[in-house]
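User: Please take a close look at the charged side chains and how they pair. Then move on to the cysteines and whatever else stands out.

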Amino acid sequence: MGLAEKACHNCRRKRLRCDRSLPHCVKCTTAGRECLGYGNLLRWTGAVASRGKLAGQSSSAAVVAEPSPPRRSLGPPSPPSPPSPPSPPSSFESGSVVGRNVGSDGDAQMQLVHVARLPHVESAPQLSNPWVLADPLFQDMAYSSRYYLSYFAERVCGDMVSWDFGDRNPFRYLLALTQAQPLLQHIIISAAAAHMSNFLSPSLPPWETEGRMICPFNVAQAQVVLHDSLVAKNKALRLMAHALDNVELFPREVIFAAAIFFVNVELIESGKHGWKAHLEGAIRLMSVLQLTIGTTSHLIDSLVSDLFVYFILGSTFLPAKSAGDNRLPEIFCNSAMLRRAAANSYLCCPPDILEILHSASQLSNIATEDAETAQQVSQAAADLIQRALAFDIVEWASSHNDDVEFPQEILPSRIHAGTVHQLAVCLYTLHAIPDVESLMDPGFGEKVAQDLFDNLEHIPESDVNFKATSWPTFIAGAGTTDPERRKWVMHRLHREVVLIPWGFIYTAMEVLRVIWGLEGEEKLKGSWVQTLKDPDLHFLMI
């Protein structure tokens with residue numbers, strides 16, 4: 001038996017004389033230590049074993065790996081200079097983030113390593129878990145890419161489902177695809193960085209920042225992170241063009257998820273204009289890929305559910321001339337299939353109620369130039385309101401009781417969330433077709449509005465479904481003339497954007513101010529719904 005050319009790693013570390021025996025050092029074996037051998041030593045820096053005899057124990061390697069040379073200055077933040085040519089996101093300084101190693105079956109396995117923070121963002125979010133997964137899948141990525149993906153795993157994924165079961169959150173499965181699919185990697189990084197930019201620099205009034213543990217207001221740092229988002233978005237757009245020319249070369253869930261996330265990026269940025277083209281493209285792509293609900297993966301179901309929600313809510317303020325392009329796609333017409341897809345939708349709204357909303361939005365686009373047509377439209381609207389009120393919200397909310405992992409304690413919250421959408425759809429219909437109120441009982445509109453405000457108050461910001469109430473809150477605010485209610489609505493939306501920093505909420509607040517201003521100047525064109533059907537607006541409120 002020959003001898004190794006140098007001492008084993010254990011003996012070298014302890015500065016002991018090694019007998020260099022092969023395959024293992026005898027000195028280590030007799031001392032009861034595992035010999036680390038003589039070859040190259042592969043180490044997870046600060047790793048925590050997830051299985052075996054050492055489960056839960058950290059390695060003896062340095063906790064923080066030495067970062068790559070930064071592409072931006074590591075000094076104190078300074079006001080942003082004119083944008084430089086796009087470059088890959090920067091490397092890290094000391095800090096911590098969290099991520100998940102998601103296998104092909106969607107299960108998360110906890111192999112952990114401490115990582116660093118973006119060097120150019122001094123106040124980058126401190127996430128609740130100080131570890132990030134060190135699966136080899138992600139090791140070839142730039143540090144900043146891993147940081148944004150980790151931020152996506154902990155912060156953004158939770159925004160996209162009604163309740164976050166961690167391992168069962170289908171959007172975390174996308175992380176396992178990002179290394180092999182640059183298209184998906186860049187669009188997810190763009191979404192995460194845009195979300196972080198809003199988090200770093202929230203535009204809030206003074207009363208919303210007092211006593212709150214929110215990230216310090218730092219415009220310069222937020223702009224740097226937003227630049228990273230735009231760079232990644234530009235790369236994703238180029239890759240998407242190639243993918244659409246070669247659809248057969250991409251897994252269906254990859255190209256479809258990318259299409260949906262282009263809409264998500266627009267919503268995180270502002271919810272204005274650009275979302276409509278991406279939404280129409282996603283619907284056409286769904287047809288090309290021949291996707292169906294209930295016969296594919298939970299991920300596909302969730303993506304189709306989001307597309308359904310975006311399509312319906314986007315249709316509520318589309319102008320009449322777009323009505324021909326606003327027909328409900330055939331795949332969305334099966335309530336039973338959509339019930340499965342929407343089971344864990346962030347919106348927490350029954351598909352049946354969303355279908356009623358779509359019908360109401362279509363009615364609002366019908367020209368009522370004669371009395372007979374006006375009467376027919378009003379009666380159809382009244383029928384829709386009665387259908388919405390007859391829907392059993394409690395039965396719908398309880399339909400998940402057969403799921404052993406459904407948290408029973410959130411059932412009351414789910415009932416209130418479904419109810420506020422039910423009432424908001426009724427209120428929208430009353431404002432979209434104003435003549436319908438003459439067919440209802442006296443004071444019906446005010447009663448619906450009061451019930452809506454009462455149910456919203458039962459969903460405080462600590463509630464898991466608080467994020468699901470932005471659209472009903474907007475509808476409640478747009479339809480009220482009471483100054484105290486308007487103040488309450490704006491205060492609630494400000495609280496929402498602190499917890500869920502999606503830019504469409506800022507846009508919603510801007511739109512409310514416009515509606516209230518036009519009303520004060522008596523410049524509203526009919527109802528406020530018709531005012532928002534401006535062809536140049538294209539406002540998506542979710």
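Analyst:
**Charged pairs and their surroundings**

Arginine 485 is buried, with a relative accessible area of 16%. The cut-off for buried is under 20%, so the value of 16% for arginine 485 falls within that class. Note that this is a predicted model. Arginine 485 has a partner of opposite charge: a salt bridge joins arginine 485 to glutamate 446, and their closest N and O atoms are 3.2 Å apart. This pair links distant parts of the chain. Arginine 485 belongs to helix H17 (residues 483–499), glutamate 446 belongs to helix H15 (residues 444–457), and the two are 39 residues apart. Glutamate 446 is partly exposed, at 47% relative accessible area. One end of the bridge is therefore buried, at arginine 485, while the other end, glutamate 446, is partly exposed.

Helix H17 holds another pair. Arginine 492 and glutamate 496 both lie in helix H17. They sit four residues apart, about one turn of the helix. Their side chains meet in a salt bridge, with 3.9 Å from N to O. The limit for a salt bridge is 4 Å, so the 3.9 Å between arginine 492 and glutamate 496 still counts. Arginine 492 and glutamate 496 are both buried.

Some bridges share partners. Lys233, Glu266 and Glu269 are joined in this way into one network.

How many salt bridges does a search of the whole structure find? The search finds nine. Among them is the pair of lysine 272 and glutamate 510, with 3.3 Å from N to O. These two also link distant parts of the chain, being 238 residues apart. Lysine 272 is in the loop between helix H7 (252–269) and helix H8 (275–288). Glutamate 510 is in helix H18 (residues 503–520). Here both partners are partly exposed: lysine 272 has a relative accessible area of 33%, and glutamate 510 has 39%. Side chains of opposite charge can pair when their charged atoms come close.

Now the charges without such a partner. A positive surface patch is formed by Arg13, Lys14, Arg17, Lys27 and Arg33. Patch members must have no salt bridge, so none of these five side chains takes part in one. Arginine 17 sits in the loop between helix H1 (9–14) and helix H2 (26–30). Arginine 17 counts as exposed because its relative accessibility is 73% and the threshold is over 50%.

Next, the cysteines. Why does the structure hold zero disulfides? A disulfide needs two cysteine sulfur atoms within 2.5 Å. For cysteine 11, the closest cysteine sulfur is in cysteine 8, at 3.5 Å, which is too far for a bond. Cysteine 11 is buried, with 0% relative accessible area. Cysteine 18 is in no disulfide either; its nearest cysteine sulfur is that of cysteine 25, at 3.7 Å. Cysteine 18 also counts as buried, at 12% relative accessibility. Arginine 17 is exposed at 73%, whereas cysteine 18 is buried at 12%.

Last, an aromatic side chain. Phenylalanine 171 lies in the loop between helix H3 (143–159) and helix H4 (182–200). Is phenylalanine 171 buried or exposed? At 1% relative accessibility, phenylalanine 171 is buried. The C-alpha atoms of phenylalanine 171 and alanine 257 are separated by 9.2 Å, and these residues are 86 residues apart along the chain.

Note on methods: Residues are numbered from 1 along each chain as its sequence is written. This is a predicted model: local features need pLDDT of at least 70, side-chain atom pairs count only at pLDDT 80 or more; totals for chains, interfaces and linings use all residues. Side-chain values use heavy atoms; hydrogens and water are left out. Patches are made of residues with over 30% relative accessible area and no salt bridge: like charges are joined within 9 Å, nonpolar side chains (Val, Leu, Ile, Met, Phe, Trp, Tyr) within 5 Å. Accessible areas come from the Shrake-Rupley method with a 1.4 Å probe; for residues, only the protein chains shown count as cover. Lys and Arg count as positive and Asp and Glu as negative; His and the chain ends are not counted. The place of a charge is taken as NZ of Lys, CZ of Arg, CG of Asp or CD of Glu. Buried means under 20% relative accessible area, exposed over 50%, partly exposed in between (1.4 Å probe, protein chains only).
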